[in-house]
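Student: Could we go through this model together, taking one feature at a time and reasoning from the numbers to each conclusion?

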Amino acid sequence: MKIYKFYFLILVMALTSCADDFVDTTPTLQLPGETAITDVASAESALIGMYSAMQFIGVYGGDDTFITGLYADELIHTGSFPSFAEMGANDPALNNVEITGYWNNHYSAIYRANLIINTIPDSELGISTESQNRIGGQARAARALMYYKLVKAYGGVPLVLDAFTSATDIDLNPTPRSSVAEIYSQILGDITFAVNNLPDGLGLYFFNRDAARVLKAKVEMELENYGAAEATLAPLIGAYSLEADYASLYGEPGAGLVASGAETIFAIDFNETDGSNHAFFHLSAGRGEVGPSGQLIAEFEAGDERLNMISGSGEITKYTDAGSGDDDAYVFRYADVLLLQAELLARRNDAGASAFINQVRTRAGLPDITLNSGNVVDAIAHERFVEFFAESSDRYFTITRLGIDDNVISGKANNVFVAERNSLWPIPQQEIERNSGISTSDQNAGY
């Protein structure tokens, strides 16, 4: 969505993150909320600012894949950042800058979504119902996605639904941690609104209705509501197609990844003005800070063409532009839908499950398998590992959802495995110090 890069330059003075000064729930606008949105045009501009927040390094700019991949068994630390080394060893400090940045960046995006959600219903602004549904639906979907990623990483987190307007609001309105169940309830409310109210026809760089459906199905699967997830996914089956060649999903060397028009459901757009760090951290032409783990490389079957996206020197080459960062980031693509559908059918032992997983395997040059309720966890964990490596935190989120995280993490070499942590990161120390609604007793177990 190239348009929001232009508007972001206009908004940069008003829409700036306070993440360097405060933690998570601190507001990201310096202007009072009521003056930031005054009509439909300024609401559209605020929406562009929200998407710009989703480009932050801790959201979809790179760190989200690096630190989740290191914490799982997907990546190894090949550089010099101590904070990355802590993640790879599964022993992050309470003030680990990557964990703190992830928290801050996601809450910055949440604040921008909150501003839109809370302001546009004001009748004095004259924003039509159609525009409210289109703009507010995207904001609610984005807020749901941000909370989904937070609850997966930290468990219960502060549920902030207000549009804070000054840097002291978190002091004046301390916010305790909500339970995991409360967070998922809010996510489902937001994402259901988006599914029901977003119009058709939004592009792949907007949080469109189909992207909302994918997120809703993922949340329903987290909650083991598999029948609902199957119904949620139904409109997407056959509505997209896989690229014929896996490598074509990614860019030519140095050209940057441009999201596939056929397979992409939702992607974050990056360009030379707003670049990502994916290639810079993966490639030796940049920092070379992370690389594929031995577990990842060993996971590929003989003849799997997806292994070609890992070079002989140990670089993940899905991202190619280490200079300007002109690599888009996939959030949801159709292969994800096919593997979710395969899992759902296999869980109820439907013979049709195999056809969905085998579409993904055929594209990779692999033979068919039979998928059923007996092998569904192992087969899905395997296929997602080799299909989505270095994309959208998928490995970390998959192993925790499937309940194999303890086995995976405890099997890593030279790591610190503490079972009571339940594969959660610590609540950042800065948040405990800043937010009087949270104390040291609220910290996740094992930290």
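Student: Is Thr38 buried, partly exposed or exposed?

Tutor: In this predicted model, Thr38 is found in the loop between helix 2 (33-36) and helix 3 (40-53). Its relative accessible area is 43%, and a residue has to be under 20% to count as buried and over 50% to count as exposed. Thr38 therefore falls in between, and its class is partly exposed.

Student: How far apart in space are Thr38 and Gly238?

Tutor: In sequence, Thr38 and Gly238 are separated by 200 residues. Taken from C-alpha to C-alpha, their separation in space is 41 Å.

Student: How many of the residues of helix 3 are buried?

Tutor: Helix 3 has 14 residues and reaches 20 Å from its first C-alpha to its last, which is close to the 20 Å expected at 1.5 Å a residue. Its buried residues include Ala43, Leu47, Ile48, Met50 and Tyr51. The helix is largely enclosed by the rest of the structure, because the number of its 14 residues that are buried is 11.

Student: Which residues lie nearest the centre of the largest cavity?

Tutor: The structure holds 5 cavities of 30 Å³ or more, and about 260 Å³ of space lies in the largest of them. Helix 8 (129-154), strand 4 (329-333), helix 15 (334-347) and helix 18 (394-402) each supply at least two residues of its lining, which by class has 9 nonpolar, 2 polar and 8 charged residues. Of the 19 residues that line this cavity, those nearest its centre are Lys218, Phe332, Asp336, Ser392 and Asp394.

Student: What is the volume of the second largest cavity?

Tutor: Among the residues that line the second largest cavity are Tyr71, Asn90, Asp406, Phe417 and Arg421. By class, this lining has 6 nonpolar, 3 polar and 2 charged residues. The volume of the second largest cavity is about 60 Å³.

Student: What kind of aromatic pair do Phe81 and Phe84 form?

Tutor: The structure holds 23 aromatic pairs, and in the one formed by Phe81 and Phe84 the ring centres are 5.4 Å apart with 90 degrees between the planes. Phe81 counts as partly exposed at 27% relative accessibility, whereas Phe84 is buried, with a relative accessible area of 0%. Planes over 60 degrees apart count as edge-to-face, and the pair of Phe81 and Phe84 is accordingly edge-to-face.

Student: Why is the pair of Tyr246 and Tyr250 edge-to-face?

Tutor: Both partners are buried, Tyr246 with a relative accessible area of 1% and Tyr250 at 5% relative accessibility. Their ring centres lie 5.4 Å apart. The pair counts as edge-to-face because the angle between its planes is 65 degrees.

Student: Which residue lies over the face of Tyr447?

Tutor: A comparable arrangement can be described elsewhere in the model, where Lys318 lies over the face of Phe389, at 3.8 Å from the ring centre. Over the face of Tyr447, at 4.2 Å from the ring centre, lies Arg421.

Student: Which residues form one aromatic cluster with Tyr71?

Tutor: Tyr71 has already appeared in the lining of the second largest cavity. Tyr71 also belongs to one aromatic cluster, whose other members are Tyr102, Trp103, Tyr107, Tyr147, Tyr148, Tyr154, Tyr396, Phe397 and Trp425.

Terms used
Residues are numbered from 1 along each chain as its sequence is written. This is a predicted model: local features need pLDDT of at least 70, side-chain atom pairs count only at pLDDT 80 or more; totals for chains, interfaces and linings use all residues. Side-chain values use heavy atoms; hydrogens and water are left out. On a 1 Å grid over the protein atoms alone, a cavity is a set of points where a 1.4 Å probe fits but cannot get out, and a pocket is an open set with protein on both sides within 12 Å along at least five of seven lines; lining residues have an atom within 4 Å of a point. Grid points are joined across faces, edges and corners, and a volume is the space filled by probe spheres set on the points. Helices (H or I, at least four residues) and strands (E, at least two) are DSSP runs, numbered from the N terminus. Ala, Val, Leu, Ile, Met, Phe, Trp, Tyr, Cys and Pro count as nonpolar, Asp, Glu, Lys and Arg as charged, and the others, Gly among them, as polar. Buried means under 20% relative accessible area, exposed over 50%, partly exposed in between (1.4 Å probe, protein chains only). Rings of Phe, Tyr and Trp (its six-membered ring) pair if their centres lie within 6.5 Å; planes under 30 degrees apart count as stacked, over 60 as edge-to-face and the rest as tilted. A charge sits over a ring if NZ of Lys or CZ of Arg is within 6 Å of the ring centre and within 35 degrees of the ring normal. The expected span of a helix is 1.5 Å times one less than its number of residues.
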